[in-house]
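This report concerns the nonpolar cores and two individual residues. Please look at the sequence and the model before reading on.

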Amino acid sequence: MLKFKSAKLVVALSTVLVASSFSSVVGAAPVVKGGDAQVEQTFIVKDGVATVVPNETYQNDSLQTDTAEANKEQIKKNLAESKGNIGIYSLMDLSYYSQAGYISRVLRTPLMRRISTPVYNGTTSPATRALTYTTTQTYTANISITASRKAYIDAGITGGVSWSQSATTTNTITATIKPGEYNWVDYTPYMNNSYGTLYENIWNVDPTTGQTVQLSNGQYWTDIYSAIKLPDGSPDGLYRVMASTSPPTY
């Protein structure tokens, strides 16, 4: 059983993933090895309201993500063969980002993480307890994003500069925990994915000789996932209440 107890939504410009600092234990938690975590309920959050979705949503969307990644690998191989043509007398920054594809709302399974402290029920009866969770999501990329590279990507990516935004949520739900079990909340973000090639071609003039000097000439496969910030400021994603007889290891 899953209920919202209270909601506090915060927008933050941060690149740090925040873990919950709250702790709640019912009874003494034993030292247990083994055990498999089960999904109690899966939900999304919008405007401070939790909406339960089928538990199979995670698996189904994961399969779609795997298919998209496989297709992208072939495109990556083809793009790696292309070259940028630069005139030797160019006296300007000719760098740019060439987007090869854009996928909306991808379930980013490698970023799945626990976002609450596990709560243990050490009694002999089911116990309804609060699970407080918090998380922040921002963009991820396979290359270092410097200030100059960000400008190139801004000009070439679908959706413009919003790709670099962050979103944060802090919330509390209640869950009925079975005797001898732990409950906790984990989170997997939905993100927008842009991929393509970043061409860096920068020219300058040697101040001592007046000769044209090429400062940078490279091309880089670029794979960017941007956070989706919902109208209430929270990050889009799947939240799951997990249950196990042993504490989580992630």
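The cores come first, then the two residues.

The model is predicted, so to speak of local features requires pLDDT of at least 70, side-chain atom pairs count only at pLDDT 80 or more, and totals for chains, interfaces and linings use all residues. Residues are numbered from 1 along each chain as its sequence is written, and side-chain values use heavy atoms, with hydrogens and water left out.

A nonpolar core is a set of buried Ala, Val, Leu, Ile, Met, Phe, Trp, Tyr and Cys residues joined through side-chain atoms within 4.5 Å. The largest one has 13 residues, and those touching the most other members are Phe-43, Leu-131, Tyr-133, Ile-173, Val-185 and Tyr-239. Five strands are tabulated below as giving two or more residues to this core; strands are DSSP runs (E, at least two residues), numbered from the N terminus.

| Strand | Residues |
|---|---|
| strand 3 | 38-46 |
| strand 8 | 127-137 |
| strand 10 | 167-177 |
| strand 11 | 182-205 |
| strand 13 | 237-244 |

Strand 10 gives the most, with three residues. A second, separate core has nine residues, including Ile-145, Ile-153, Ile-157 and Leu-198.

Thr-188 lies in strand 11 and is buried, its relative accessible area being 0%; buried means under 20%, exposed over 50%, and partly exposed in between (1.4 Å probe, protein chains only). Leaving out residues up to four places away in sequence, Thr-188 touches Tyr-58, Leu-107, Arg-108, Thr-109, Met-112, Gly-237 and Leu-238, where contact means heavy atoms within 4.5 Å.

Arg-105, in strand 5 (residues 96-107), is not a glycine yet has a positive phi of about 50°. Arg-105 counts as partly exposed, at 40% relative accessibility.

Terms used:
Helices (H or I, at least four residues) and strands (E, at least two) are DSSP runs, numbered from the N terminus.
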